[in-house]
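Trainee: I have just opened this entry and would love a friendly walk through it. Could we take it one question at a time?

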Amino acid sequence: MLRVENLAVKRGPCTVLAEVDLALLPGEVLGVLGPNGAGKSTLLGALSGELPVAQGQVWLGQQALADWNPVERAQRLAVLPQTSTLSFAFSVEAVVGMGRLPHASGQQRDAQIVGEALAAADASHLAGRSYLALSGGERQRVHLARVLAQLWPGAAGQVLLLDEPTSMLDPLHQHTTLQAVRRFAEQGAAVLVIVHDLNLAARYCDRLLLLREGRPYALGSPEQVLRAEPLQAVFGLDVLVQQHPERGHPLIIAR
């Protein structure tokens, strides 16, 4: 489990994130929502240890994140940043195989996991191709497979942090990506995903954290967070919230 209490992050003299109390739970997908500049990527950077915190502490399990051995931490925590770039003509399998570097599971097992992770990301057909020959959306799915391979097959005690994994994807692959994330959480891992599409968040997330100007505005189930009043207050968006006719989760319609 990953947790923080009273977390704050500063950039120079400015506090860009504050008052965050959060625990990622095994088997849960936690979605983070908010307008541009609300602090979503800053939160992910603090939770992953990439950004220093000005207040509070990040805990992975029963140990401060900063105290973990880097290899052991990489076996428990994987991060997909908003942009992942490579400038070398690695094969798709080699890129996904980078996720196996913290492990000593052997070449044969690693190759099996790479294949399974590519399948989970709906990217098996990209095997054998050069990474540089892929489209932006295809590259995004390959990097998803890489972080899945890092923690494969997922278990309690592991944490997956994803920063806008659907940003470059067509509608079909937005759903297949978040379906893969849900299945991964069902293996016991805790997942945090930053997402902009409110309806995708409603469908695939167990809980939602809504950020406004670097502070939490609401935290709870999709039914608790995705209401007209908080969405108006945070996004300035006038919406109609209905119940999905088949699935029952909130359905957000812009007026």
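Mentor: Gladly! Helices and strands here are DSSP runs, with at least four residues for a helix and at least two for a strand, numbered from the N terminus. Keep in mind that this is a predicted model.

Trainee: With that in hand, how many helices and strands does the chain have?

Mentor: Counting the runs along the chain answers this one. The totals are 9 helices and 12 strands.

Trainee: Which residues does UniProt list for the domain "ABC transporter"?

Mentor: The name comes from an unreviewed UniProt entry. Over the listed stretch the chain is 37% helix and 25% strand, and the C-alpha atoms at its ends are 34 Å apart. The range UniProt gives is residues 2–238.

Trainee: What radius of gyration does the chain have, and what would a compact globule have?

Mentor: Start with the box that the C-alpha atoms fill, roughly 55 × 45 × 30 Å along the principal axes. For 255 residues, a compact globule would have a radius of gyration near 18 Å. The chain agrees with that, because its own value is 18 Å.

Trainee: What share of the residues is buried?

Mentor: A residue counts as buried when its relative accessible area is under 20%. The chain exposes about 11600 Å², and carbon and sulfur atoms supply 50% of that area. Of the 255 residues, the buried share is 49%.

Trainee: Among contacts between residues at least 6 apart in sequence, what percentage joins residues at least 24 apart?

Mentor: Here a contact means heavy atoms within 4.5 Å. Taking the contacts between residues at least 6 apart and picking out those at least 24 apart in sequence gives 66%.

Trainee: How far apart do the centres of the positive and negative side chains lie?

Mentor: First come the two sets: 21 positive side chains and 23 negative ones. Each set has a centre, and the distance between the two centres is 2 Å.

Trainee: Let's look at single residues. Is Glu28 buried or exposed?

Mentor: Glu28 sits in the loop between β2 (14–24) and β3 (29–33). Beyond its neighbours within four places in sequence, Glu28 is in contact with Ala23, Ala185, Ala189, Ala190, Val191, Asp206 and Arg207. Its relative accessible area is 8%, so Glu28 is buried.

Trainee: And Gly27, how far is its C-alpha atom from that of Asp206?

Mentor: Gly27 is placed in the loop between β2 and β3, and at 27% relative accessibility it counts as partly exposed. Leaving aside neighbours within four places in sequence, its contacts include Arg182, Gly188 and Asp206. Gly27 and Asp206 are 179 residues apart along the chain, and their C-alpha atoms are separated by 9.4 Å.

Trainee: Where is Lys10 found, and which residues does it touch outside four places in sequence?

Mentor: Lys10 belongs to strand β1, residues 2–11. With 48% relative accessibility, Lys10 counts as partly exposed. Not counting residues up to four places away in sequence, Lys10 touches Thr15, Val16 and Ala54.

Trainee: Which residues is Asp110 in contact with, leaving aside neighbours within four places in sequence?

Mentor: Look in helix α4, residues 107–120, to find Asp110. Its relative accessible area is 18%, so Asp110 is buried. Its contacts, with those neighbours left aside, are Arg100 and Ser105.

Trainee: What about backbone details? Which residues does a cis peptide bond join?

Mentor: The omega angle is the clue, at about 0°. One partner, Pro153, lies in the loop between α5 (136–151) and β7 (159–163). The cis peptide bond joins Trp152 and Pro153.

Trainee: What is the phi of Asn6?

Mentor: Asn6 is found in strand β1, and it is partly exposed, with a relative accessible area of 36%. Its phi is positive in a residue other than glycine, near 50°.

Trainee: One last stop: is Glu164 buried or exposed?

Mentor: Glu164 is in the loop between β7 and α6 (171–186). It is not a glycine, although it has a positive phi of about 50°. With a relative accessible area of 14%, Glu164 is buried.

Notes
Residues are numbered from 1 along each chain as its sequence is written. This is a predicted model: local features need pLDDT of at least 70, side-chain atom pairs count only at pLDDT 80 or more; totals for chains, interfaces and linings use all residues. Side-chain values use heavy atoms; hydrogens and water are left out. UniProt positions are given in the numbering used here, feature names are shortened, and annotations may be inferred rather than shown by experiment. The radius of gyration is taken over C-alpha atoms; the globule rule is 2.2 Å times the number of residues to the power 0.38. Buried means under 20% relative accessible area, exposed over 50%, partly exposed in between (1.4 Å probe, protein chains only). Accessible areas come from the Shrake-Rupley method with a 1.4 Å probe; for residues, only the protein chains shown count as cover. Lys and Arg count as positive and Asp and Glu as negative; His and the chain ends are not counted. The place of a charge is taken as NZ of Lys, CZ of Arg, CG of Asp or CD of Glu.
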